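Reader: I would like a close look at one part of this model. Please take the salt bridges and set them in the context of the chain around them.

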Amino acid sequence: MTEKRARRLVSAGVAAAVTLLVFLLAVIVFQMICLLQAKKELSDLKKTEKEYERAINETQDEIDLWLEEWKIEEAARKYGYRKNAE
């Protein structure tokens, strides 16, 4: 093998290695961007979940209030109904 051919092989190998390195770096950067977007979406979903849980708890408190005997009687009196004495 001549010296010229050896230099060509070495430079081709270096060019291939540099190309592979650039490609791998691009893939890593792309994956990091996707990961950051997924983390942001997860954070947003957790925030939304907490809001829904708070709304559920408030609604449950309101339901519990309206199931109380005195609240039912108060609403009935508002509409003109009276409780029969038994």
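Author: What follows goes through the salt bridges one by one, with the overall form of the chain before them and some other positions after them.

The model is predicted, and the secondary structure in it amounts to 2 helices and 0 strands. Helix 1 covers residues 3-66, and helix 2 covers residues 69-78. The chain is drawn out: its C-alpha trace spans about 115 × 20 × 10 Å along the principal axes. The radius of gyration tells a similar story, at 36 Å for the chain against a value near 12 Å for a compact globule of 86 residues. Burial is scarce, with buried residues making up 2% of the 86 residues. The accessible surface comes to about 8,600 Å², and carbon and sulfur atoms account for 62% of that area.

Now the charges. The chain carries 15 positive and 15 negative charges, and the mean positions of these two sets lie 19 Å apart. In general, side chains of opposite charge can pair when their charged atoms come close. Searching the whole structure gives 4 salt bridges, and three residue pairs among them are described here, beginning in helix 1.

Glu3 pairs with Arg7 in a salt bridge whose closest N and O atoms are 2.5 Å apart. The two residues are 4 positions apart in helix 1, so about one helical turn separates Glu3 from Arg7. Both partners, Glu3 and Arg7, are exposed.

Further along helix 1, the side chains of Arg54 and Glu58 form a salt bridge with an N to O distance of 3.1 Å. Here too the spacing is 4 residues within helix 1, which means that Arg54 and Glu58 are about one helical turn apart. Their exposure is intermediate. Glu58 has 45% relative accessibility and therefore counts as partly exposed. Arg54, at 47%, counts as partly exposed as well.

The next pair sits in helix 2. Lys71 and Glu74 meet through their side chains in a salt bridge, 3.3 Å from N to O. These two are 3 residues apart in helix 2, a separation of about one helical turn. Lys71 counts as buried because its relative accessibility is 15%, and the cut-off for buried is under 20%. Its partner Glu74 is partly exposed, with a relative accessible area of 36%.

A nonpolar feature can be set beside these charged pairs. Val10, Val14, Val18 and Val22 make a nonpolar surface patch of about 350 Å². One of these residues, Val18, lies in helix 1. Val18 has a relative accessible area of 46%, so it is partly exposed.

Two more positions help to show how the chain is laid out. Lys50 belongs to helix 1 and, at 60% relative accessibility, counts as exposed. From Lys50 to Ala76 there are 26 residues in sequence and 35 Å in space, C-alpha to C-alpha. Arg82 is found in the segment after helix 2, where it is exposed, with a relative accessible area of 77%. Arg82 and Ala15 are 67 residues apart in sequence, and their C-alpha atoms are 93 Å apart.

To return to the request: Glu3 with Arg7 and Arg54 with Glu58 are salt bridges whose partners stand about one helical turn apart in helix 1. Lys71 with Glu74 is the pair described in helix 2, and it joins a buried lysine to a partly exposed glutamate.

Technical notes: Residues are numbered from 1 along each chain as its sequence is written. This is a predicted model: local features need pLDDT of at least 70, side-chain atom pairs count only at pLDDT 80 or more; totals for chains, interfaces and linings use all residues. Side-chain values use heavy atoms; hydrogens and water are left out. The radius of gyration is taken over C-alpha atoms; the globule rule is 2.2 Å times the number of residues to the power 0.38. Buried means under 20% relative accessible area, exposed over 50%, partly exposed in between (1.4 Å probe, protein chains only). Accessible areas come from the Shrake-Rupley method with a 1.4 Å probe; for residues, only the protein chains shown count as cover. Lys and Arg count as positive and Asp and Glu as negative; His and the chain ends are not counted. The place of a charge is taken as NZ of Lys, CZ of Arg, CG of Asp or CD of Glu. Patches are made of residues with over 30% relative accessible area and no salt bridge: like charges are joined within 9 Å, nonpolar side chains (Val, Leu, Ile, Met, Phe, Trp, Tyr) within 5 Å.
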